[in-house]
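Here are some short exercises to work through with the model open beside you. Try each task before reading its solution.

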Amino acid sequence: MGDIGHLKKYLLTVHPVRKTGAQKKEFRQWLLRELKRAGWRVGEETYGKFNGSVNVVAGDPEQAEVFLCAHYDTGSRMLIPNFVSPTNVAAHVCYHLAAAVGLAGAAFLLIHTYRLLEEIGSGGGGTVDSCLRPRQSE
């Protein structure tokens, strides 16, 4: 499988994002080839009717003295192009902070707009509903 530095560089350049079924399949095929090349007995284990999850199994779990499980997370979907969050922590944190500030700002505007409409409506003895409702022609 080569040295870990080479593998890391390869993964981050060739398989940085694995969201689509095709991307995941391509990654699993590469991983299976590399494990076989390193002398492991490998296979795939599929489960789940709806999500179609697939595990890569290396070695013989029934005979193993040590059993190691690992997984990778698929990065979150972002409104702006993917920063490959696992490798760019600063961008990931900034994105989530910006989203939180945006949501807080939207909530602030909604609350204050509602209060303003309440004040406008109460000045004439009405409510927000009467302020928003079209006037009936007499």
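## Exercise 1: A patch on the surface

V89 has its place in helix α3, residues 89–123. Keep in mind throughout that this is a predicted model.

**Task.** Decide whether V89 is buried or exposed, and find which residues form a nonpolar patch with V89.

**Solution.**
1. Begin with the relative accessible area of V89, which is 55%.
2. Exposed means over 50%, so V89 counts as exposed.
3. Next, look for the partners: V89, V93 and L97 form a nonpolar patch on the surface. Together they have about 270 Å² of accessible area.

## Exercise 2: The chain as a whole

**Task.** Describe the order of helices and strands along the protein chain, and state what share of its residues count as buried.

**Solution.**
1. Count the elements: the protein chain has four helices and two strands.
2. Read them along the sequence to get the pattern α-α-β-β-α-α.
3. Turn to burial: 14% of the 138 residues count as buried.
4. For the surface, the protein chain exposes about 11300 Å², with carbon and sulfur atoms supplying 59% of it.
5. Finally, take the contacts between residues at least 6 apart in sequence: 27% of them join residues at least 24 apart.

## Exercise 3: Checking helix α2

**Task.** Test whether the end-to-end distance of helix α2 agrees with its number of residues, then find what its buried residues pack against.

**Solution.**
1. Helix α2 covers residues 21–37, which makes 17 residues.
2. The expected span is 1.5 Å times one less than the number of residues, so helix α2 should span 24 Å.
3. The end C-alpha atoms of helix α2 are 24 Å apart, which agrees.
4. Now list the buried residues of α2: F27, R28, W30, L31, L32, E34 and L35.
5. Their packing partners are α1 (4–14), β1 (42–47) and β2 (53–58).
6. Just after α2 comes G39, which takes a positive phi of about 100°.

## Exercise 4: An aromatic cluster

**Task.** Find how many aromatic pairs there are, and say which residues form the aromatic cluster.

**Solution.**
1. The count comes to two aromatic pairs.
2. In one of them, Y10 and W30 are stacked, at 5.0 Å centre to centre and with 25° between the planes. Planes under 30 degrees apart count as stacked.
3. This pair links distant parts of the chain, with Y10 in helix α1 and W30 in helix α2, 20 residues apart.
4. Y10 is partly exposed at a relative accessible area of 26%, whereas W30 is buried at 7%.
5. F27 and W30 also form a pair, and this pair is tilted: 5.9 Å centre to centre, 35° between the planes.
6. Both F27 and W30 lie in helix α2, three residues apart, about one turn of the helix. Both are buried.
7. Put the pairs together: Y10, F27 and W30 form one aromatic cluster.
8. Now look at H15, in the loop between α1 and α2. At 4% relative accessibility, H15 counts as buried.
9. Leaving aside neighbours within four places in sequence, H15 is in contact with Y10, E26, F27 and W30.

## Exercise 5: Salt bridges

Side chains of opposite charge can pair when their charged atoms come close.

**Task.** Count the salt bridges, and for each pair work out where the two residues lie.

**Solution.**
1. The count comes to three salt bridges.
2. Take E44 and R28, whose closest N and O atoms are 3.1 Å apart. E44 lies in strand β1 and R28 in helix α2, so this pair ties together parts that are 16 residues apart in sequence.
3. E44 is partly exposed at 44% relative accessibility, while R28 is buried at 16%.
4. Move on to R37 and E34, which meet at 2.9 Å, N to O. Because they are three residues apart in helix α2, about one helical turn separates them.
5. Here R37 is exposed, with a relative accessible area of 60%, and E34 is buried, with 11%.
6. Finish with D60 and R41, whose closest N and O atoms are 3.6 Å apart. D60 lies in the loop between β2 and α3 and R41 in the loop between α2 and β1, so the pair ties together parts that are 19 residues apart in sequence.
7. D60 is partly exposed at 29%, and R41 is exposed at 54%.

Methods. Residues numbered from 1 in each chain as written. Predicted model: local features only at pLDDT ≥ 70, side-chain atom pairs only at ≥ 80, totals over all residues. Heavy atoms only, no water. Buried < 20%, exposed > 50% of the residue type's maximum accessible area, 1.4 Å probe, protein only. Contact = heavy atoms within 4.5 Å. Patch = residues over 30% accessible without salt bridge, like charges linked within 9 Å, V, L, I, M, F, W, Y side chains within 5 Å. Areas by Shrake-Rupley, 256 points an atom, 1.4 Å probe, with all protein chains shown as cover. Salt bridge = Lys/Arg side-chain N within 4 Å of Asp/Glu carboxyl O. Phe/Tyr/Trp six-rings, centres within 6.5 Å; stacked < 30°, edge-to-face > 60°.
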